[in-house]
There are 2 protein chains.
Amino acid sequence: MKGMHWREVRAAGTDIVLGNTYHLMLRPGAERIAALGGLQKFTNWDGPMLTDSGGFQVMSLSDLRKVSEKAVTFRSHIDGAKVELSPERSIEVQRLLGSDVAMQMDECVRLPAGPGDIERAMLLSLRWAERSSRAFESAPPGCMLFGIVQGGDMPQLRRASARGLVDIGFHGYAIGGLAVGEPQSVMLAMVEEVEPILPQDRPRYLMGVGTPEDILEAVARGIDMFDCVMPTRNGRHGMAFTRFGQINLRNARHADDPRPLDPESLWPSARDYSRAYLHHLVKSGETLGAMLLSEINVAYYQRLMQDIRQAISEGNFASFYERTRADWTKGDVAPHYA
Amino acid sequence: MKGMHWREVRAAGTDIVLGNTYHLMLRPGAERIAALGGLQKFTNWDGPMLTDSGGFQVMSLSDLRKVSEKAVTFRSHIDGAKVELSPERSIEVQRLLGSDVAMQMDECVRLPAGPGDIERAMLLSLRWAERSSRAFESAPPGCMLFGIVQGGDMPQLRRASARGLVDIGFHGYAIGGLAVGEPQSVMLAMVEEVEPILPQDRPRYLMGVGTPEDILEAVARGIDMFDCVMPTRNGRHGMAFTRFGQINLRNARHADDPRPLDPESLWPSARDYSRAYLHHLVKSGETLGAMLLSEINVAYYQRLMQDIRQAISEGNFASFYERTRADWTKGDVAPHYA
């Protein structure tokens, strides 16, 4: 987690972290991590790890990639080395990393894309799902494999993908290929298409999502799990997530403001540091600004998820949803005039 | 402190921190910090603060500087604004920051320099010392002002500077204008010239120093206080300070090494993370690598100073000195072969 100590990741309420298969297989290498005892031992993270398949980053980061039935070949963005990643190798790499929750390899097309391209990638992803599932058969008990629904922004392809995956049978189901630039309404519509098909007793995971609002809306539509770089990436760019919505600490209105981001936050850094100080750190390009906003944002996201879980278990998610949206809409506190 | 949370600065054993007058007067501004309650409240640092005079950074960072009897004028390296810094304004700025230990403004010449230049700057610094002392007269009780010995690498000028400062009378005495590229032997020789002149009952502060070895040697010659960016700056460059000397984590020998930097360190991160992981973070340019090495290094420096203080108070500094140097000379543990 960029700019955060592992102890802060834990203290912020994090139970599970995601390891990036693409990055780790290129550097330091899956076999090296396995020799060092797996990703948890390597990083000293004392908790479960989910790993992605590597497929998404191959598409977004590497050059000269070529997708065939068998595998995707690409050049490493680090040293240009030619690498082949097949569904079987992806499972092998994830097992070398010591993954607790592995993902099938899929092909994710960028939207907008033509129906033919979307269908071809969805069908290939289904065949890769089958191969991933077979490759995972020898995994130790307790490890889980998730299938990934593809189908772009086309409802009938999304439904076909979900049905195909349920036929194969997975420990959980992810929805991939969204949060790639399409409007939120399209993303949520695709979730709505797929949700009734996915088994009620298996976790549903919306990959790469998203803003707090995206998350709240997706939970309202039956999603259980998310992953996103936004808390730390936006933190590095001077943005704080709070009960009052997103706050841009670069804004000059904060330069003389002695008030904290949120005096009622349960996370100390959101209470103990003034907006003026955070503004100064961000404007000066001090690493500490990114560090503080990253931990503040991760703590906010984890708190949001905790509150969502509690509201669901107490049967009052609907009122929680309304209250949370109302707070965001109310917006940040009025500017401070020194 | 770059790349460190304040809570880690404290946990690493830090009792006092240095605030940079030059940086802070330009951004966010001394009057702004004063309006926000001073530097301690601004940063949330719960302990004493020493501030430098700003003079050194004017010389090293700003453009178009012009030194006159009255003041130094320069252009801000941030926005090019023309700024004047006089001894009186330096004291005013340090008081606006809420400094507990302030420094007189001095002129620090870069070595090597000609005798004429060194003498002129030393004499100017003495006159500025006088003015700084007068400007400090209205400071609240408990605040301290240090004079700064100048005189380059010329023993007779160093002695004259020290005598002049003692005549004025300060709460403590700094030795400036060293650790600017001269050999360690020259630096220590200048300390030896000056030490007998400085009052025994006042702290002596060797500015901008240094490596652990510099510190040990300077303590052996009667110095009490130091400041240096080296623990964090070297940390950002992949270097760790340990009992075994300095270790370059970029070195490939660490790539497969599951051993921590020092299993006997009292600082958790020096025990809990493998060299392989630190190597990976440094090679990947991950902020966490800089963060971990910065805190490991600050903790090492603070531990060294604690051990020095304890050895002195127990009357066995000489044996501590020998043992510590022997450990450094022994060097790092043998490479690990996987």
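In chain B, the residues B:Pro155, B:Arg158, B:Arg159 and B:Ala162 of helix α8(B) meet B:Met190, B:Glu193 and B:Val194 of helix α9(B), where contact means heavy atoms within 4.5 Å. The residues of this contact divide into four nonpolar, no polar and three charged; Ala, Val, Leu, Ile, Met, Phe, Trp, Tyr, Cys and Pro count as nonpolar, Asp, Glu, Lys and Arg as charged, and the others, Gly among them, as polar.

The model is predicted: local features need pLDDT of at least 70 and side-chain atom pairs count only at pLDDT 80 or more, whereas totals for chains, interfaces and linings use all residues. Residues are numbered from 1 along each chain as its sequence is written, chains are lettered from A and ligands numbered from 1 in the order in which they are written, and side-chain values use heavy atoms, with hydrogens and water left out.

**Helix pairs in chain B**

Helices (H or I, at least four residues) and strands (E, at least two) are DSSP runs, numbered from the N terminus. Axes are lines fitted to C-alpha atoms, for helices over the stretch in contact, and angles run from 0 to 180 degrees between N-to-C directions. The table lists three pairs by axis distance and angle.

| Helix pair | Axis distance | Angle |
|---|---|---|
| α8(B) (155–168) and α9(B) (184–194) | within 9 Å | roughly 45° |
| α10(B) (212–220) and α15(B) (317–330) | 11 Å | about 160° |
| α7(B) (115–135) and α8(B) | within 10 Å | roughly 10° |

For the pair α8(B) and α9(B), crossing at roughly 45°, the arrangement is oblique. Angles under 35 degrees count as roughly parallel, over 145 as roughly antiparallel, 65 to 115 as roughly perpendicular and the rest as oblique. The crossing of α8(B) and α9(B) is right-handed; a crossing is left-handed if the near helix is turned anticlockwise from the far one by less than a right angle, and right-handed if clockwise.

Helices α10(B) and α15(B) pack at about 160°, which makes them roughly antiparallel. Their crossing is left-handed. On the α10(B) side the contact includes B:Pro212, B:Leu216 and B:Val219, and on the α15(B) side B:Phe317, B:Phe320 and B:Trp328 are among the residues involved. By class, the contact of α10(B) with α15(B) has eight nonpolar, one polar and three charged residues.

The axes of α7(B) and α8(B) cross at roughly 10°, and the two helices are therefore roughly parallel. Among the contact residues are B:Ile118, B:Met122 and B:Leu126 of α7(B), together with B:Leu157, B:Leu165 and B:Ile168 of α8(B). Nine nonpolar, three polar and two charged residues form the contact of α7(B) with α8(B).

**A single helix and backbone features**

Helix α14(B), residues 287–313, has 27 residues and reaches 39 Å from its first C-alpha to its last, close to the 39 Å expected at 1.5 Å a residue; the expected span is 1.5 Å times one less than the number of residues. B:Gly315, with a positive phi near 75°, follows α14(B).

Most residues other than glycine have a negative phi, and most peptide bonds are trans. B:Asn44 is not a glycine, yet its phi is positive, about 70°; B:Asn44 lies in the loop between α4 (39–43) and β2 (49–51) of chain B. In chain A, the peptide bond from A:Leu111 to A:Pro112 is cis, with omega near -5°, and A:Pro112 is placed in the loop between β6 (101–103) and α7 (115–135). The bond from A:Val209 to A:Gly210 is also cis, with omega near 0°, and A:Gly210 lies in the loop between β9 (204–206) and α10 (212–220) of chain A.

**Relation of the chains**

A turn of 180° with a shift of 0.0 Å along the axis lays chain A on chain B with an RMSD of 0.0 Å, which is the relation of a two-fold axis. Copies are superposed by least squares on the C-alpha atoms of residues with pLDDT of at least 70 in both. The same surface serves both copies, as 100% of the contact residues of chain A recur in chain B.
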